[in-house]
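The exercises below are meant to be worked with the sequence and the coordinates side by side. Each one sets a task and then solves it in steps.

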Amino acid sequence: MFPDVAGGDHALLAGHGTRPGRAVPVEGGYLVSGSWQFASGMAHATHIHSAIQVEGTGELRVLAMPKSQVELVENWDVLGLRATHSIDYHCADELVPATYTYLATTTNPANGGAIYRLGLVNMSAIGHTGWALGVGRRLLDELKSVAAARSGTRNAAVDTAQFHAEYATAEARLRSARAWAMEVWRGIEDTLEAGELPNTEQDTLLRLALNHATWTVQDVGQTVHRWAGTAAIRRGPIDRFLRDLGTGTQHITSSPTVLQNCGKWLSGAQPQAHWEFLDLTP
């Protein structure tokens, strides 16, 4: 898997885990069958990274296997996030050595530093939160450029007090979402550096900060769309990032169900519950 990391010879993994495949135990490993979706980055990957459920025990594991062992489905026909190439893939009765799998819920990494004790889902939240905040920042910066180019022209909407007020409000919302996300992750970083694991409140807040950032940026995008005029509909950065935003907000990590589960724990409705992936388990 990692023959010469220093020399640049290493595995590049892509895959998906919310719909586990079937793993039948055999000598030395598992016979794996399944169909998975949304394998972002698959065009660049060398290996598959997928969730499996062991037949007989129900144990959830994650596997890594060469991309050549699955059949790729070229079906990423979408308006936004086209460059992620998040295609589907499937396989039937492929042998995967047990040493190329690990417990899906593990917080005990074989390599790397403290950050890898976060677990798979919590680590992915970092990337999704950063994506949302980055899209919001870029959209407001692009709108600022549009306003500068149009200011002073006849009946320019960007010269109105309403535009200035809405731009300021969008800026405040984006910066507030970013500041809170940084606060949440700073606390988690301190916890990991102390040799501990995040508690349920921290697990809840990192999911809520992601949800909040994503939907705050969706609101920012609506402001940009409203004031950008034709720049929002012609091919260009604003059009592209608005389409990306429309697709990215549909990711399962920012779904209404996750938000509801955050509310269950924070409101005290399920004080003894804990998180397993994106589910709040009593």
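**Exercise 1. A threonine and its contacts**

Which residues does Thr 204 touch, not counting residues up to four places away in sequence? Decide also whether Thr 204 is buried or exposed.

Solution. The model is a predicted one, so every value used here and below is computed from predicted coordinates. Begin by placing the residue: Thr 204 belongs to helix H3. Next, collect its contacts beyond the excluded stretch of sequence, which are Cys 262, Trp 265, Leu 266 and Trp 275. One of these partners deserves a closer look, since the side chains of Thr 204 and Trp 275 make a polar contact at 2.9 Å. Finally, turn to accessibility: the relative value for Thr 204 is 0%, and because buried means under 20%, Thr 204 counts as buried.

**Exercise 2. A serine in a loop**

Find the loop that holds Ser 254, and state which side chain makes a polar contact with the side chain of Ser 254.

Solution. Ser 254 sits in the loop that runs between helix H4 (237-248) and helix H5 (256-266). Its relative accessibility is 3%, and therefore Ser 254 is classed as buried. The contacts of Ser 254, again leaving aside residues up to four places away in sequence, are Leu 210, Asn 211, Thr 214, Trp 215 and Thr 249. Among them, Thr 214 is the residue whose side chain makes a polar contact with that of Ser 254, at 3.0 Å.

For contrast, consider a residue in another loop. Ala 194 is placed between helix H2 (161-193) and H3, and with a relative accessible area of 54% Ala 194 is exposed, because the cut-off for that class is over 50%. The C-alpha atom of Ala 194 is separated by 18 Å from that of Asn 122, a residue 72 positions apart from Ala 194 along the chain.

**Exercise 3. Tracing the strand pairings**

Which strands pair in the parallel sense, and which pair in the antiparallel sense?

Solution. Start from strand E2 (residues 21-26), which pairs with strand E4 (residues 47-54) in the parallel sense over three bridges; within this pairing, Gly 21 stands opposite Ile 52. E2 is also joined to E3, this time in the antiparallel sense and through five bridges, with Ser 33 of E3 as the bridge partner of Arg 22. E2 and E3 form a hairpin that has two residues between the strands, and Gly 28 in its turn has a positive phi of about 85°.

Continue outward from strand E3 (residues 29-39), which pairs with strand E7 (residues 87-97) in the antiparallel sense over eight bridges; here Tyr 30 stands opposite Val 96. E7 in turn is joined by three bridges to strand E6 (residues 71-73), and these two strands run antiparallel, with Leu 72 opposite Tyr 89. Read in order, the steps lead from E4 to E2, from E2 to E3, from E3 to E7 and from E7 to E6.

**Exercise 4. A pocket and a cavity**

Describe the second largest pocket and the largest cavity, and identify which helices supply at least two residues to each lining.

Solution. Take the pocket to begin with: the second largest one has a volume of about 300 Å³. Of its 17 lining residues, the closest to the centre are Thr 105, Thr 107, Leu 118, Asn 122 and Trp 275. At least two lining residues come from each of helix H1 (120-150), helix H3 (200-228) and strand E9 (274-276), and the lining as a whole divides into eight nonpolar, five polar and four charged residues.

Now take the cavity. A search of the whole structure finds one cavity of 30 Å³ or more, and the volume of the largest cavity is about 30 Å³. Its lining consists of Val 121, Ala 125, Leu 206, Arg 207, Leu 210, Thr 253 and Leu 278. H1 and H3 each supply at least two of these residues, and the largest share, three residues, comes from H3. By class, the lining of the cavity holds five nonpolar residues, one polar and one charged.

**Exercise 5. The chain as a whole**

How many helices and strands are there in the protein chain, and what percentage of its residues count as buried?

Solution. The chain contains five helices and ten strands. Of its 282 residues, 39% count as buried. The C-alpha atoms fill a box of roughly 75 × 45 × 35 Å along the principal axes. Finally, among contacts between residues at least 6 apart in sequence, 66% join residues at least 24 apart.

Conventions
Residues numbered from 1 in each chain as written. Predicted model: local features only at pLDDT ≥ 70, side-chain atom pairs only at ≥ 80, totals over all residues. Heavy atoms only, no water. Pairing = 2+ DSSP bridges. Helix = DSSP H or I, 4+ residues; strand = E, 2+ residues; numbered from the N terminus. 1 Å grid on protein atoms, 1.4 Å probe; cavity = no way out; pocket = protein on both sides within 12 Å on 5 of 7 lines; lining within 4 Å. Points joined across faces, edges and corners; volume = space filled by probe spheres on them. Nonpolar A, V, L, I, M, F, W, Y, C, P; charged D, E, K, R; others polar. Buried < 20%, exposed > 50% of the residue type's maximum accessible area, 1.4 Å probe, protein only. Polar contact = N/O pair within 3.5 Å; in protein donor to acceptor, adjacent residues only side chain to side chain. Contact = heavy atoms within 4.5 Å.
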